[in-house]
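Colleague: I've got this model open and I'd like to talk it through with you. Can I throw some questions your way?

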Amino acid sequence: MTEDDVVARLEPGMTIGIGGWGSRRKPMSVVRAILRSALHDLTVVSYGGPDVGMLCAAGKVRRLVFAFVSLDSIPLEPYFRRARESGAVECTELDEGMVLLGLQAAAWRVPFLPTRAGLGSDLFRVNPDLRTVRSPYPGPGGGDGEELVAVPALPLDAALCHLNRSDERGNAQYLGPDLYFDDLMLEAAEQRFISVERVVPTERLLDEGSVHTLRIGRLLVDGVVEAPNGAHPTSCDPDYGRDEGFQREYAASARGAGGWDGFRRRWLDVADEAAYQRAVAGR
Amino acid sequence: MSTATRAGVCAVAVAEAFRGDGERLANPIGTIPMIGGRLARASFEPDLVMTDGEACLVADHAAFEWPSGKVSEAWNPYRRMFDVVWGGRRHVMMGATQVDRYGNQNIAALGPDPQRPKVQLLGFRGAPGNTINNTTSYWVPNHSPKVFVERVDVVCGIGYDRAAELGPVAARFHEIRRVVSNLGVFDFETPDHRMRLRSVHPGVSVDDVVEATGFELVVPDDVGESRPPTEDELRLLRDVIDPSGLREAEVPDG
């Protein structure tokens, strides 16, 4: 399928999980298709990077569920900051590990998972609905009947992830150092879409990596988009690193006269992903 | 008369924060923390386990550059890192945009209303989970009353007062070991766990530190000086850990 086919399966108001981490292996070609679409009022769950910044800047986000938003080499995401400071997006703030547990709970179809993470912190101040649960069992190291945070499940209407390779049926492979939480995003979602650098025949999947790299099987995937350079400008090791120059231009645009509209006109107001990739190649 | 720069003293102070940790994941975040952690392992804490800042645990002493290839000893993707945090075999050194007298830390947002922040920062990141599960220290390269504040705007990493409110059971894995700044070293080794000035860096007076701190520090009568690097440590910093001198850019001298 194409990026626009994926977007056609999404609806305003949906909760969408986006894979990757910070400015690493983000499904940016699908994000760009969302930016071109009429979708709005999305709830976005993400270990956030430029995916979050761009979706916020374009007014697509009603609520953001996050533990951080960062461009990695540029610590703070300028368009996310602007959206938050102007009150344009509602936020559910969590600890990084709580996001993992919320996705895991949704994947396992349980209402919550317990953790110590969050106790005593202002996460309870910013999440008035966050609850604790008392352990029915003695804990390790003398923790009798202790109170733990009950991280609510984070079920997703759709998940979007970018991987290095897959076959046409959605058996996918990551070749970089970290899967991040892509498998959990997909398992927590009703509809599961991946974009990949290259679609290969199933029997070629082990050409570039061991069987351990086949962490996303077709049980977790409903549709595949072939999207070479699709994570641009985020990194997609080992296929390519982050486009630091482009990312700097993106971040600087938030302070420049043209602002988001200028950046958008220059790079995003194009017919499709192929036109974007041509523009980037001619940069 | 030492040839040590302030950055070198800071790196040693960071290293000292990891003294006694043994075979634990030392997870210093930031330039001088990464250098200081490597320095501890290369000298007096050889069993420390350290990351490459990505998904590997590495045996090399170089902090940032591996021109002849890095030696990975284990794979440690983010998923594994949470296992280590929640299992407790870890000492993390994080940054702090604000820190208060009990060691509460803020990296999320500034302003009175966290739902509508004046200044949005990173987010809570892993600070709540870190502080309740494993040993935590903080690094502050720009000591000022804006960082060392009476009360943090948002409690991300929890300090000793919050831990005390939770009670001894919930907080049994909580420890804020040190705060290292560009001016001195601080700990919480006081009866009520208020922040104490442990040492001042050479060239810094106690008054300088008090002046730059927005709350009342516990100041013992005999505050010593942070120790400069030894000859061996200087050589390690210069030749092995940070040959490009990134530490000097983070904390310039003078």
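What follows is our chat about the model, question by question.

Colleague: Before anything else, what kind of model is this?
Modeller: Don't treat the coordinates as an experiment. Local features are only discussed where pLDDT is at least 70. The model is predicted.

Colleague: Is chain B compact or not, going by its radius of gyration?
Modeller: Start with the box: the C-alpha atoms of chain B fill roughly 50 × 45 × 35 Å along the principal axes. A compact globule of 254 residues would have a radius of gyration near 18 Å, so that's the figure to check against. Chain B agrees with it, at 18 Å.

Colleague: How much of chain B is buried, and what is it built from?
Modeller: Chain B has eight helices and 14 strands. Of its contacts between residues at least 6 apart in sequence, 66% join residues at least 24 apart. As for burial, the share of the 254 residues that counts as buried is 53%.

Colleague: Which elements of chain B give two or more residues to the side that touches chain A?
Modeller: On that side, 36 residues of chain B are in contact with 37 residues of chain A. By class, chain B brings 23 nonpolar, six polar and seven charged residues. The elements that give two or more residues are helix H3 (78–87), strand E9 (119–120), helix H4 (127–133) and helix H5 (160–166) of chain B.

Colleague: How many residues of H1(B) are buried?
Modeller: Helix H1 of chain B runs over residues 6–17 and reaches 17 Å from first C-alpha to last, close to the 16 Å expected. Even charged-looking names such as Arg6(B) and Glu16(B) are among the buried residues. The helix is mostly covered, and the count of buried residues is twelve of twelve.

Colleague: In the open sheet of three strands in chain B, what stands opposite Cys56(B)?
Modeller: The order is E2-E3-E4, with antiparallel pairing. Strand E2 (50–51) and strand E4 (72–75) are the edges, each pairing on one side only. Strand E3 (56–58) pairs with E4(B) over three bridges. Opposite Cys56(B), in E4(B), stands Trp75(B).

Colleague: Over to chain A. Where do Pro233(A) and Pro238(A) lie, and what is omega at each cis bond?
Modeller: Most peptide bonds are trans, so cis ones are worth a look. Pro233(A) lies in the loop between strand E13 (223–226) and helix H8 (244–253) of chain A, and Pro238(A) is in the loop between E13 and H8 too. The bond joining His232(A) and Pro233(A) has an omega of about 5°; for Asp237(A) and Pro238(A), omega is about 0°.

Colleague: Is Tyr180(A) buried or exposed?
Modeller: Tyr180(A) sits in the loop between strand E11 (172–173) and helix H7 (182–187) of chain A. Its phi is near 55°, a positive value in a residue other than glycine. The cut-off for burial is 20 or more other C-beta atoms within 10 Å. Tyr180(A) has 23 such neighbours, so Tyr180(A) counts as buried.

Colleague: And Asn229(A): what is its phi, and how is its exposure classed?
Modeller: Asn229(A) is found in the loop between E13 and H8 of chain A. Phi is near 65°, again positive in a residue other than glycine. With 18 other C-beta atoms within 10 Å, Asn229(A) is classed as partly exposed.

Note on methods: Residues numbered from 1 in each chain as written. Chains lettered and ligands numbered in written order. Predicted model: local features only at pLDDT ≥ 70, side-chain atom pairs only at ≥ 80, totals over all residues. Contact = placed C-beta atoms within 7 Å. Helix = DSSP H or I, 4+ residues; strand = E, 2+ residues; numbered from the N terminus. Nonpolar A, V, L, I, M, F, W, Y, C, P; charged D, E, K, R; others polar. Rg over C-alpha atoms; globule rule 2.2 N^0.38 Å. Expected span 1.5 Å × (residues − 1). Pairing = 2+ DSSP bridges.
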